[in-house]
Amino acid sequence: MSERVAEVGRGITLTYERQGAGVPLLLIAGLGQQKHEWHDGLVAQLVVRGYDVVRFDNRDVGTSTHAGFRPPGGLAMARKRWDAQQYDLGDMATDTAGLLDILGWRSAHLVGMSMGGMIAQTVAARHPERVSSLTSIFSTTGAPRVGRPAPSTWIRMFARPARTREEHVEAAVRMYRHIGSAGYPLDEPRIRATAGLTWDRDPRPAAGVGRQLAGILKSGDRTREVRTITAPTLVVHGDRDQMVNPTGGAVTAAAIAGARLHTVPGMGHDLPVALWPTFADLIDTHIRTVEFRSSDAPNL
């Protein structure tokens with residue numbers, strides 16, 4: 001695998017990598033996450049199931065385009081005071097559609113986690129012809145009073161940004177001890193390696209994370225738009241999620257006609273190694289069902 005750069009329009013470039021061959025599958029990462037948060041082992045399980053898998057850095061993380069304006073502070077976010085250049089989830093969805101163009105994919109199966117689920121939802125709503133199916137993992141619709149971080153999680157999110165690689169790695173370990181899957185072992189070596197790579201590719205990532213968070217908040221309640229989604233949808237959520245309360249998954253599934261909600265006992269806001277086969281099977285079964293129905297429909 002090698003990294004490639006896609007110019008997706010409006011001065012935005014996205015770094016991506018592609019692995020496998022077969023059915024187009026686009027993985028969209030969450031808030032502050034780089035493409036490698038879709039871990040190699042999970043990607044490998046999707047590749048062997050016959051998928052052409054692409055994962056990428058959203059704008060403002062990794063080696064994709066970073067905005068030049070300062071992110072709003074907590075008070076500005078609470079008051080919804082945004083810089084004139086502040087983007088929202090719609091802009092990030094347009095980035096994603098632009099990446100599909102560069103890949104030469106008329107449509108693809110989209111799988112997004114957390115903020116990535118929000119982006120995938122927005123692509124499905126605004127570009128329905130580009131989305132063969134949607135899988136939304138521990139995400140939400142932006143509806144008020146549901147799908148919110150626990151107060152203890154908010155406190156950690158607004159902690160002082162790391163100033164060194166070591167501080168960043170330790171902060172990642174502390175966060176995943178808090179939001180990770182309590183029902184599964186914490187893979188601290190993997191968390192440390194992932195966090196270290198994140199810093200190496202994008203030192204001092206706090207500004208980008210702040211602008212992405214502002215983009216989520218600026219987008220507000222997207223329930224009305226999510227209700228327009230027609231793509232076959234699978235919603236996956238853990239019952240121990242302290243970053244996006246499980247009510248977020250419930251309202252997402254309720255908003256999309258025909259969506260199926262799969263709740264994973266003991267799962268928090270991460271993708272524990274022990275669940276990689278489960279995730280791969282869930283995604284694969286969902287997509288194969290969609291592909292079968294699509295190929296069979298003309299013969300009915």
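Let's start with Thr-198, which counts as buried, because its relative accessibility is 5%, well inside the under 20% cut-off for that label. Please keep in mind throughout that this is a predicted model. Thr-198 is part of helix α7, which covers residues 188-201. What does Thr-198 touch, once we leave out residues up to four places away in sequence? The list is Gln-34, His-36, Glu-37 and His-168. His-36 deserves a second look, since its side chain and that of Thr-198 are joined by a polar contact of 2.9 Å. For a sense of distance, take Arg-211: 13 residues separate it from Thr-198 in sequence, and the two C-alpha atoms are 17 Å apart.

Arg-211 also appears in another setting, over an aromatic ring. It lies over the face of Phe-69, 5.5 Å from the ring centre. There is a similar story at Tyr-87, where the charged end of Arg-59 sits over the ring at 4.7 Å from its centre.

While we are on rings, how many aromatic pairs does the count give? It comes to 1. The partners are Trp-154 and Phe-158, and the pair is stacked because the ring centres are 5.9 Å apart with the planes at 20°, where under 30 degrees is what stacked requires. Trp-154 counts as partly exposed, with a relative accessibility of 28%. Phe-158 is partly exposed too, at 43%.

Now let's go to the nonpolar interior. The largest nonpolar core holds 34 residues, and the members that touch the most others are Leu-26, Leu-99, Leu-110 and Ile-229. Which elements supply at least two residues each? On the strand side they are β1 (4-9), β2 (12-20), β3 (23-28), β4 (51-56), β5 (108-113) and β6 (131-137), and on the helix side α3 (89-103) and α4 (115-126). Of these, α4 gives the most, with 7 residues.

If you'd like one residue to click on, choose Leu-26. Setting aside residues up to four places away in sequence, Leu-26 touches Val-54, Phe-56, Thr-96, Leu-99, Leu-100, Leu-103, Trp-105, His-109, Leu-110 and Val-111. There is also a second core, separate from that one, with 25 residues, including Leu-25, Val-53, Leu-282 and Ile-287.

On to charges. The count of salt bridges comes to 21, and I'll walk you through a few of them. Glu-3 and Lys-35 meet through their side chains, at 3.0 Å from N to O. This pair links distant parts of the chain, 32 residues apart: Glu-3 is in the segment before β1, and Lys-35 is in the loop between β3 and α1 (40-47). Are the two partners buried or exposed? Glu-3 is partly exposed at 43% relative accessibility, whereas Lys-35, at 4%, counts as buried. Both belong to a network of salt bridges that also takes in Glu-17, Asp-40, Arg-55, Asp-57 and Arg-201.

Another salt bridge joins the side chains of Arg-160 and Glu-167, at 3.6 Å from N to O. Here Arg-160 is exposed, with a relative accessible area of 59%, and Glu-167 is partly exposed at 25%. Then there is Asp-187 with Arg-190, whose closest N and O atoms are 3.4 Å apart. Asp-187 counts as partly exposed at 27% relative accessibility, while Arg-190 is buried, with a relative accessible area of 18%.

Last stop, the backbone. Most residues other than glycine have a negative phi. Which residues here show a positive phi without being glycine? Lys-80 is one of them, with phi near 60°. You'll find Lys-80 in the loop between α2 (74-79) and α3, and it is exposed, with a relative accessible area of 60%. Arg-145 is another, with a positive phi of about 70°. Arg-145 lies in the loop between β6 and α5 (151-157), and at 76% relative accessibility it counts as exposed.

So, if you open the model afterwards, try Thr-198 and its polar contact with His-36, then Leu-26 in the largest nonpolar core, and then the salt bridge between Glu-3 and Lys-35. Thanks, everyone!

Methods: Residues numbered from 1 in each chain as written. Predicted model: local features only at pLDDT ≥ 70, side-chain atom pairs only at ≥ 80, totals over all residues. Heavy atoms only, no water. Helix = DSSP H or I, 4+ residues; strand = E, 2+ residues; numbered from the N terminus. Buried < 20%, exposed > 50% of the residue type's maximum accessible area, 1.4 Å probe, protein only. Contact = heavy atoms within 4.5 Å. Polar contact = N/O pair within 3.5 Å; in protein donor to acceptor, adjacent residues only side chain to side chain. Core = buried A, V, L, I, M, F, W, Y, C linked by side-chain atoms within 4.5 Å. Phe/Tyr/Trp six-rings, centres within 6.5 Å; stacked < 30°, edge-to-face > 60°. Lys NZ or Arg CZ within 6 Å of the ring centre and 35° of its normal. Salt bridge = Lys/Arg side-chain N within 4 Å of Asp/Glu carboxyl O.
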